[in-house]
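Work through the exercises below with the sequence and the model side by side. Each task is followed by a solution in steps.

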Amino acid sequence: GISIEATKSIAKGANYTFPVTVQGTGNYDSSVVWSLDVESGGTIASGTKIEQTGKLTIAAGQGTSKALYVTATAANGQSSTCTVTVTSS
């Protein structure tokens, strides 16, 4: 299985590295692929990004009205998503 936080609030202009737990049995692949999406009707500002280390950077120009969705997907296809609320400070 794989798990990350379910919800997180992060201020504009800040960054946060998500802790991730990957569990398996035997000689399993613990690699994770990270992806970033936005709530319907929202946009991802230039500079808002998720790195493959799990580090999310929120651009100073990122809007606060729509949630961001950070998803960690394990090699076995299982995934876990965090709903990120962007705050103004």
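**Exercise 1: Phe18 and the aromatic rings**

Phe18 counts as buried because its relative accessibility is 3%, where buried means under 20% relative accessible area, exposed over 50% and partly exposed in between, with a 1.4 Å probe and protein chains only. The model is predicted: local features need pLDDT of at least 70, side-chain atom pairs count only at pLDDT 80 or more, and totals for chains, interfaces and linings use all residues. Residues are numbered from 1 along each chain as its sequence is written, and side-chain values use heavy atoms, with hydrogens and water left out.

Task: Which aromatic cluster does Phe18 belong to, and what is the geometry of the pair of Tyr16 and Phe18?

Solution.
- Step 1. Apply the ring criterion: rings of Phe, Tyr and Trp (its six-membered ring) pair if their centres lie within 6.5 Å, and planes under 30 degrees apart count as stacked, over 60 as edge-to-face and the rest as tilted.
- Step 2. The structure has 2 aromatic pairs. For Tyr16 and Phe18 the ring centres are 5.0 Å apart and the planes stand at 90 degrees, so this pair is edge-to-face.
- Step 3. The cluster consists of Tyr16, Phe18 and Trp34.

**Exercise 2: The sheet of 4 strands**

Task: Find the strand order of the open sheet of 4 strands, and say which strands stand at its edges.

Solution.
- Step 1. Strands are DSSP runs (E, at least two residues), numbered from the N terminus. Two strands pair if DSSP finds at least two bridges between them. Strands of a sheet pair through backbone hydrogen bonds, either parallel or antiparallel.
- Step 2. The order is S2-S9-S8-S5, and the pairing is mixed.
- Step 3. S2 (7–11) and S5 (32–38) are the edge strands; each has a single partner strand, so one side of each lacks a neighbour in the sheet. From one strand to the next, the twist averages 25 degrees (axes are lines fitted to C-alpha atoms, and angles run from 0 to 180 degrees between N-to-C directions).
- Step 4. S5 and S8 run antiparallel and are joined by 7 bridges. In this pairing Ser35 is opposite Thr71, and Asp37 is opposite Tyr69.
- Step 5. S8 (residues 68–74) and S9 (residues 79–87) are also antiparallel, with 6 bridges. Val70 faces Cys82 here, and Thr73 faces Ser79. The two strands form a hairpin with 4 residues between them, and Gly77 in the turn has a positive phi of about 95 degrees.

**Exercise 3: Burial and the core**

Task: Which side chains of S5 are buried, and which elements give two or more residues to the largest nonpolar core?

Solution.
- Step 1. Side chains alternate along S5: Val32, Trp34, Leu36 and Val38 point to one face and are buried, whereas Val33, Ser35 and Asp37 point to the other and are not.
- Step 2. In S8, 5 of the 7 residues are buried, so this strand is largely enclosed by the rest of the structure.
- Step 3. A nonpolar core is a set of buried Ala, Val, Leu, Ile, Met, Phe, Trp, Tyr and Cys residues joined through side-chain atoms within 4.5 Å. The largest has 19 residues, of which Phe18, Trp34, Ile50, Leu56, Leu68, Val70 and Val84 touch the most other members. S5, S8 and S9 are the elements that give two or more residues to this core.

**Exercise 4: The sheet of 3 strands**

Task: What is the order of the open sheet of 3 strands, and which residue in S7 stands opposite Ile50?

Solution.
- Step 1. The order is S3-S7-S6, with antiparallel pairing. S3 (15–17) and S6 (49–50) are the edge strands, each paired on one side only.
- Step 2. S6 and S7 (residues 55–57) are joined by 2 bridges. The residue opposite Ile50 is Leu56.

**Exercise 5: Two buried polar residues in loops**

Task: Which polar contacts do the side chains of Thr48 and Gln62 make?

Solution.
- Step 1. Thr48 is in the loop between S5 and S6, and Gln62 is in the loop between S7 and S8. Thr48 counts as buried at 7% relative accessibility; Gln62 is buried with a relative accessible area of 2%.
- Step 2. A polar contact is a pair of N or O atoms within 3.5 Å; within protein, one must be able to donate a hydrogen and the other to accept it, and residues adjacent in sequence count only if both atoms are side-chain atoms.
- Step 3. A polar atom of the Thr48 side chain lies 2.9 Å from the backbone nitrogen of Ala59. The Gln62 side chain reaches the backbone oxygen of Thr43 at 2.9 Å. The side chains of Gln62 and Thr48 are joined by a polar contact of 2.9 Å.
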